[in-house]
Amino acid sequence: MPRTLLRRPSSLIPPSSPSCYLAKTLSTYSVAGLSHSSSSRRKVAPTKSFVPSHSIPLSCRSYLTDSLRAHQARKTKMAPQLDGYFKQVDAFADKFIDRLREAVAIPSVSADASRRPDVVRMGHYLADQLKKLGAEAELRELGKQPGTDLDLPPVVLGRYGRDKNKRTILVYGHYDVQPAEKSDGWDTEPFELTVQEDGRLCGRGSTDDKGPVLGWLNAIEAHQAAGIDFPVNLLMCFEGMEENGSEGLEELVMEEGKKFFADADAVCISDNYWLGTERPCLTYGLRGVNYYAIEVSGPGQDLHSGVFGGLAHEPMTDLVRLMSTLVTPSGEILIKGIAEQVAPVTAEEEGLYDGIAFTMETLHESLGSKTTIFEDKKKTLMARWRMPSLSLHGIEGAFYAPGAKTVIPAKVIGKFSIRTVPNMEIEKTNELVIKHLEDAFKTLGSKNTMKAYPVHCGNWWVASPKHWNFEAAAKATERVWGERPDFTREGGSIPITITFQEATGKNVLLLPMGSSTDGAHSINEKLDKKNYIEGTKLLGAYLHYVAEEPMN
Ligand SMILES: [Zn+2]
């Protein structure tokens with residue numbers, strides 16, 4: 001697939017990382033709408049009796065059921081060292097929460113220039129922690145942030161282990177966070193990790209993405225303390241600009257593909273979320289996005305409709321007509337040639353959707369209404385994950401304030417985007433869209449001028465969920481959580497996923513730690529203690545199963 005990434009002009013679209021998009025789609029509404037006592041939260045709370053073992057710290061007793069504990073401790077031929085590793089993680093639970101507390105206390109907000117020193121400090125904190133654990137850590141400078149005087153925060157490149165007889169796994173995460181102020185509506189100080197009674201670890205960055213990043217460090221430390229050989233060589237790439245467009249990272253990853261990352265046998269990214277709150281998942285696909293603008297202009301300046309109405313071609317009238325030719329109210333894309341590019345659904349793929357833990361009720365809850373296009377779960381999930389969609393976003397230059405101003409805008413810019421899926425091609429799609437709009441404009445017979453163009457484009461991504469990388473993660477999930485994970489895709493984009501795949505030529509797995517209600521970009525962001533501690537077990541267990549998987 002040709003790499004085409006048109007950089008967005010910052011004046012047109014505010015910096016928002018695609019995983020911002022993900023977090024928002026999956027979490028914002030639920031977080032805004034879910035009180036702490038909503039039904040999905042209650043399910044997380046303890047309902048069974050617990051093992052009264054003194055070896056289990058207080059902080060872990062609250063959620064591990066007898067059956068899950070017995071399940072994790074069961075003797076299997078596979079990854080026999082995990083028992084000792086799990087015990088050590090439980091014993092270190094409070095220590096790991098303290099580590100998260102230290103990280104959350106550094107307000108590494110990448111979008112806020114005044115916080116840049118804190119972002120840099122966070123990168124140094126991570127590198128220091130890695131070095132204390134005996135890992136190699138390097139702070140790679142990326143130069144100035146384009147259009148500013150600011151230094152970009154360094155990328156932390158780490159390596160733990162150089163054993164030629166072991167596999168090498170490259171992991172990615174980010175140590176910067178979204179902005180947060182108590183006055184935004186947080187119940188607690190956003191940069192002070194608060195451990196709630198129900199096990200929520202509240203604080204900016206807890207789930208996105210400091211918890212998962214520290215999960216890798218915790219895994220190293222627990223192995224050392226338990227005297228268990230680390231099962232793989234670990235390469236780490238932690239960036240500090242993810243929430244602000246990942247400036248400079250793509251170039252670094254491409255450059256290091258055959259250098260620092262050369263040994264990688266597979267890639268694992270822990271920076272997304274479960275589909276719900278109960279069932280863990282592994283993510284094997286993301287949609288891409290092509291974002292477009294349509295500019296229509298004519299008059300030399302804004303006009304008064306009492307003076308010019310009815311005698312001049314109006315840009316807004318043309319634009320509204322054009323935008324209405326793109327999509328139907330039931331989401332059908334009207335641009336010729338788009339549907340033809342979409343890969344047909346195979347029976348095997350269809351089977352993956354059947355058992356997925358997802359209900360229309362939860363969707364309605366997160367949607368905040370029952371206005372879904374489809375009534376059933378499979379069609380709805382397919383609409384989000386594997387079908388293209390076209391959304392109309394807004395009109396720049398239009399009158400939108402309250403009141404009844406009689407203006408005729410002289411120039412308006414319509415914004416829309418298409419979420420793309422296999423096997424849509426960026427260039428082909430751009431051509432189809434532009435041609436559609438030019439043809440449609442001709443039929444209007446307007447003397448105005450129209451210009452349509454792509455603003456930024458990022459490709460879709462699909463990995464093979466049958467690959468040993470996914471198989472290892474599935475086994476680890478089953479061992480830690482007691483059930484097979486759902487295999488999911490997401491409707492948004494994480495462009496760095498494709499970059500890692502292209503740079504290394506290896507399979508990329510998305511292995512989430514947090515759940516759908518974590519509120520990654522919202523107020524009261526949290527990571528459940530359960531997800532943090534069991535998630536740390538999961539990351540370590542994944543590496544053990546990786547070591548045991550047959551390569552082909
Ligand atoms: Zn993130």
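## Cores, sheets and a buried helix

Of the 95 residues in the largest nonpolar core, the ones touching the most other members are Ile169, Trp216, Met236, Val267, Leu509 and Tyr542. Helix H19 gives this core its largest share, nine residues. A nonpolar core here is a set of buried Ala, Val, Leu, Ile, Met, Phe, Trp, Tyr and Cys residues joined through C-beta atoms within 7 Å. Buried means that 20 or more other C-beta atoms lie within 10 Å of a residue's own, exposed means 12 or fewer, and partly exposed is in between, with C-beta atoms placed from the backbone.

A word on the source: this is a predicted model, where local features need pLDDT of at least 70 and side-chain atom pairs count only at pLDDT 80 or more, while totals for chains, interfaces and linings use all residues. Residues are numbered from 1 along each chain as its sequence is written.

Back to Leu509: leaving out residues up to four places away in sequence, Leu509 touches Ala266, Val267, Cys268, Leu282, Ala463, Asn469, Phe470 and Ala473. A contact is a pair of C-beta atoms, placed from the backbone, within 7 Å. Apart from the largest core lies another core, of 21 residues, including Ile335, Leu390, Leu432 and Ala452.

Now the sheets. Helices (H or I, at least four residues) and strands (E, at least two) are DSSP runs numbered from the N terminus, and two strands pair if DSSP finds at least two bridges between them. Here are the two open sheets:

| Strand order | Pairing | Edge strands |
|---|---|---|
| S4-S5-S18 | antiparallel | S4 (194-195), S18 (526-528) |
| S11-S13-S9-S14 | antiparallel | S11 (389-396), S14 (449-458) |

In the three-strand sheet, S4 and S18 each have a single partner strand, so one side of each is left without a neighbour in the sheet. S5 (residues 200-202) is joined to S18 by three bridges, and Cys202 stands opposite Lys526 in S18. Helix H8 (residues 206-226) packs on this sheet, touching S5 and S18, with its direction at about 50° to that of S18. H19 (residues 529-548) lies across S5 and S18 too, running at about 65° to S18. For these angles, axes are lines fitted to C-alpha atoms, for helices over the stretch in contact, and values run from 0 to 180 degrees between N-to-C directions.

In the four-strand sheet, the twist averages 20° from one strand to the next. Seven bridges join S11 to S13 (residues 411-420), with Ile395 opposite Gly414 in S13. Helix H11 (residues 315-324) packs on this sheet, touching S9 (288-297), S11, S13 and S14, and its direction makes about 15° with that of S13.

H18 (residues 495-504) has eight of its 10 residues buried, so the helix is largely enclosed by the rest of the structure. Those buried residues are Pro495, Ile496, Thr497, Ile498, Thr499, Phe500, Ala503 and Thr504. Gly505 follows H18, with a positive phi near 70°.

What packs against H18? Helix H9 (residues 249-256) does, at an angle of about 20° and with the axes 8 Å apart. That makes H9 roughly parallel to H18, as angles under 35 degrees count as such. Leu249, Glu250, Val253 and Met254 of H9 meet Ile496, Thr499, Phe500 and Ala503 of H18.

Glu431, in helix H16 (residues 426-444), counts as exposed because it has 12 C-beta neighbours inside 10 Å.

Conventions: Two residues are in contact if their C-beta atoms, placed from the backbone, lie within 7 Å. Angles under 35 degrees count as roughly parallel, over 145 as roughly antiparallel, 65 to 115 as roughly perpendicular and the rest as oblique.
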